[in-house]
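Biologist: Before we discuss this protein, could you put the structure up, so that we can go through the terms used for it and what each one rests on?

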Amino acid sequence: MERNRYIAQTELDQQRRIAEEVYLENRDRDLTFFVETFGCQMNVRDSETIKGELVDMGYSEAESKEEADLILFNTCCVRDHAEKRLMGNIGALKELKDAKPGMIIGICGCMMQQEGMAKKLLRRFPHVSLIFGTNVLYRLPQMIRSVMNGERIAVTDRADDAIAEGLPQMRDNQRSAFVNIMYGCDNFCSYCIVPYVRGRERSRNPKDIRDEVVSLVKSGITEITLLGQNVNSYGNDGSTGMTFAELLAYVSDVSGLKRLRFMSSHPKDLNEDVMQAIATLPNVCHHVHLPVQSGNDEILKHMNRRYTRERYLSIIRRLRELVADIEFTTDIIVGFPGETEEAFKDTMSLVDEVGFAAAFTFAYSPRQGTVAAKREDQIPESVKKRRLRELNELQAAKTVKNNEKYIGYVGEVLVEGFDERGEETMLYGKYQNFKMVYFPGDPSLLNSYVTVRVLKTNKNSLLGEMIDA
Ligand code: 5AD
Ligand code: SF4
């Protein structure tokens, strides 16, 4: 079996040396950065690495763009309109840069891996001097040094999609952390640009993952979410010697880890072993984010999803049989090319049948280079909009219904935040199965676990009371 391809330690060491030099050369300057992140958890995770590397080079985080010496946009390209928004955002920085010529303006992330994008941006925005893609984060020290020396650079190599371990990190959440278990995606769903911009699927070695979890737990974090485009295919290339179900068991016994989550799951790979792991491992949370995309077999086939409606529903049934309080969330696309009114109704009936705790719904957006974008049977925007509205209305009603069964429910909540706008300070947090609840309490309880009983529902939220602290 082929082993994972990793970036060589010598190369990583060289970058650390450059980081040290950048730090020494600039230590009197109090350099600051402002990183703005768009898109999914993968990008949020990448930004933590980018920030960690910047801190390693002597930067600290600025309160605002106006103060920063380095402004970086970490972009997403899963759906359109992101590009227009980015152009506006970048254009608006010209004045700032004119007023502060030493400022570095950079753009990174998925959109930079799109064909021709980096060149186009460099040409259009002379005030942008740093562009890089998703697979070269480890080379940031070298890139920053080049830009400090007056160069304008775009580093978007695709050949490099090897894993870099041990990069510095800046995590600002003290209760909960995301841990990558794999990068890239090989599924090529016909609407999706991710496999083109994030490259081939590659899994991290189990020990690296576990070591990272151990060190996060040591630092006080109690909730870990394992992250991948399709976590269920972890190790499918044989490079890790472990399946996803085995990885769950291997990570879950880290002492002090209260909650283990994972996302996203792909229905084609979610097998009995994973279901048993969810049912039996005590700290694996009873929540599965299981994107269905469509409830119609014909559309699922054209999406290249490789499961049927029935197979999807059978996973839901089996998990509910094994795990009484399990909750499901999902992603759904309406208006995929060729989606008839009948096909859309199949999605509606699936949503009605399953009763998702929440659904992230999207109007299909053609992505250049993908198979579906080339189809001639595109659906008019007005139809997509109407279907999206109908679907959202249905899901909103289902959420209210789902909430009703929680009245009287008692469980442990991890406090994530508080709201002081009303008469009473309201804390909020999630039960282990991802249901969010609001309840009166003291902000000092942030990041701790409390037991909460649900008293009533309010539109799409649960309201409760603490029964111990
Ligand atoms: N158009 C609309 N939605 C999309 N998604 C991915 N690609 C597209 C697209 N081209 C949605 C899917 C995926 C989620 C992250 O984004 O539902 O699960
Ligand atoms: Fe895109 Fe499909 Fe891969 Fe998810 S599994 S990232 S939708 S190609």
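**Reasoning from the values**

Modeller: In this predicted model, a nitrogen atom of ligand 1 is 3.0 Å from a polar backbone atom of Tyr-191.

Biologist: What makes the pair formed by the nitrogen atom of ligand 1 and Tyr-191 a polar contact?

Modeller: A polar contact is a pair of N or O atoms within 3.5 Å, so the 3.0 Å at Tyr-191 qualifies. Two side chains also approach oxygen atoms of the ligand: an N or O atom of Arg-79 is 2.8 Å from one, and a polar atom of Asp-331 lies 2.7 Å from an oxygen atom of ligand 1.

Biologist: Why is H10 called roughly parallel to H12?

Modeller: Helix H10 (residues 272–280) and helix H12 (residues 309–322) pack at an angle of about 30°, with their axes 10 Å apart. Angles under 35 degrees count as roughly parallel, and therefore H10 is described in that way relative to H12. Their crossing is right-handed, and the residues that meet include Met-275 and Ile-278 in H10 and Ile-315 and Leu-319 in H12. By class, this contact of H10 with H12 has six nonpolar, one polar and two charged residues.

Biologist: What makes the phi of His-81 worth pointing out?

Modeller: Most residues other than glycine have a negative phi. His-81, in the loop between strand S3 and helix H3, has a positive value near 55°. Phe-434, which lies in the loop between strands S16 and S17, likewise is not a glycine and has a positive phi of about 85°.

Biologist: Which kind of peptide bond joins Met-263 and Ser-264?

Modeller: The bond is cis, with omega about -5°, whereas most peptide bonds are trans.

Notes
Residues numbered from 1 in each chain as written. Chains lettered and ligands numbered in written order. Predicted model: local features only at pLDDT ≥ 70, side-chain atom pairs only at ≥ 80, totals over all residues. Heavy atoms only, no water. Axes fitted to C-alpha atoms, helices over the stretch in contact; angles between N-to-C directions. Helix = DSSP H or I, 4+ residues; strand = E, 2+ residues; numbered from the N terminus. Parallel < 35°, antiparallel > 145°, perpendicular 65-115°, else oblique. Left-handed = near helix turned anticlockwise from the far one by under 90°. Contact = heavy atoms within 4.5 Å. Nonpolar A, V, L, I, M, F, W, Y, C, P; charged D, E, K, R; others polar. Polar contact = N/O pair within 3.5 Å; in protein donor to acceptor, adjacent residues only side chain to side chain.
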